[in-house]
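Let's take a walk through this structure, strand by strand and ring by ring. Keep the 3D view open as you read.

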Amino acid sequence: MKKLFALLLMLTLLLSLAACGGSEAPAAGGSEASAGGEAPAQQPANRPAGTWTLSESGDPEYAPGQITLVLDEDGGGYVSITRFKDDFVYSDYLELRWSEGAIILDGVGGVYLLQGDSLTFTWEGVTSTYVRSGTVSAPLTPPAGSYTSYMVLEEGEEYPDDSFALTLNADGTGSYFGHGEELPMTWNRYFITLDGNQSFYYVYGYYGNFDICIFDGEYQIVLRPAQN
């Protein structure tokens, strides 16, 4: 129940911040809001770029609505898988790359067939069908700079507000401070890579600033721009 309470608290906070900042965060199964309140870029129906939700699963482990594919116009994106454990609901995120007729997910290539607003994807011998559930917004990239945490959610442990820090360089490099050590890292539109492992993050607006929320294992870190 602690995890459920923490998750509800987090969702309530993020919804409140998004309402104040005018920029929404992409929840699992949703699409990302564009920076500065811009309208999402419209994608033609015959183009694969967009947000797709599982409608007919070829794998009994996953039910309709449990998997979301986000395909960016630039050939990148991610897959979000919603999982259920006891009374806790969480999402796994994997980076993907796609080109005409193919999607590479977790380093393994698969093929897709697009028919209007229906996308059939075959990966590792399993074929599933997805329906278009949204468009993809323009990339929302946080400005380079330093960020410090003001909220960490992890069952059984509490951290001071400033126990994590993040530095983002414009060239996609940076550094991460946490658990008492500082490590080099890289980042792109959706993922921070640290020690070869990826953590999904999203960006949302808060009173003109960009806040960053990192999903890493079973804890979540919310960071705000460091004060100069």
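Strand E15 (residues 209-216) lines up with strand E16 in the antiparallel sense, and five bridges join the two. One bridge to look for: Phe 215 has Gln 220 in E16 as its partner. Keep in mind that this is a predicted model.

E16 also pairs with strand E9 (residues 145-153), again antiparallel, this time over six bridges. Here Gln 220 in E16 turns up again, standing opposite Leu 153. Is E16 enclosed or open? Five of the seven residues in this strand (residues 219-225) are buried, so the rest of the structure largely encloses E16.

Now for the inside. The largest nonpolar core has 18 residues, and the members touching the most others are Leu 166, Tyr 176, Met 185, Ile 212, Ile 214 and Ile 221. Several strands chip in with at least two residues each, including E9, E15 and E16. There's also a second, separate core of 17 residues, with Tyr 62, Leu 69, Leu 71 and Phe 121 among them.

Leu 69 shows up in strand pairing too, where Leu 69 stands opposite Val 79 in E3. Strands E2 (residues 67-71) and E3 (residues 76-85) run antiparallel and are joined by five bridges. Both belong to a closed barrel of eight strands, going E1-E2-E3-E4-E5-E6-E7-E8 with antiparallel pairing. On average, neighbouring strands in this sheet are turned by 30° against each other, ignoring direction.

On to the rings. A search of the whole structure turns up 10 aromatic pairs. Here are two of them:

| Pair | Centre to centre | Angle between planes | Type |
|---|---|---|---|
| Tyr 93 and Phe 215 | 6.0 Å | 45° | tilted |
| Tyr 190 and Phe 200 | 6.1 Å | 10° | stacked |

Tyr 93 in strand E4 (residues 88-99) and Phe 215 in E15 are 122 residues apart, so to speak a link between distant parts of the chain. Tyr 93 counts as buried at 14% relative accessibility, while Phe 215, at 21%, counts as partly exposed. The cut-off for buried is under 20%.

For the other pair, Tyr 190 sits in the loop between E12 and E13 and Phe 200 in strand E14, so parts 10 residues apart in sequence get tied together. Both Tyr 190 and Phe 200 are buried. These four rings belong to one aromatic cluster, together with Tyr 78, Phe 191, Tyr 202 and Tyr 204.

One last ring to find: Tyr 150 has Arg 224 lying over its face, 3.8 Å from the ring centre.

Definitions and conventions: Residues are numbered from 1 along each chain as its sequence is written. This is a predicted model: local features need pLDDT of at least 70, side-chain atom pairs count only at pLDDT 80 or more; totals for chains, interfaces and linings use all residues. Side-chain values use heavy atoms; hydrogens and water are left out. Two strands pair if DSSP finds at least two bridges between them. Helices (H or I, at least four residues) and strands (E, at least two) are DSSP runs, numbered from the N terminus. Axes are lines fitted to C-alpha atoms, for helices over the stretch in contact, and angles run from 0 to 180 degrees between N-to-C directions. Buried means under 20% relative accessible area, exposed over 50%, partly exposed in between (1.4 Å probe, protein chains only). A nonpolar core is a set of buried Ala, Val, Leu, Ile, Met, Phe, Trp, Tyr and Cys residues joined through side-chain atoms within 4.5 Å. Rings of Phe, Tyr and Trp (its six-membered ring) pair if their centres lie within 6.5 Å; planes under 30 degrees apart count as stacked, over 60 as edge-to-face and the rest as tilted. A charge sits over a ring if NZ of Lys or CZ of Arg is within 6 Å of the ring centre and within 35 degrees of the ring normal.
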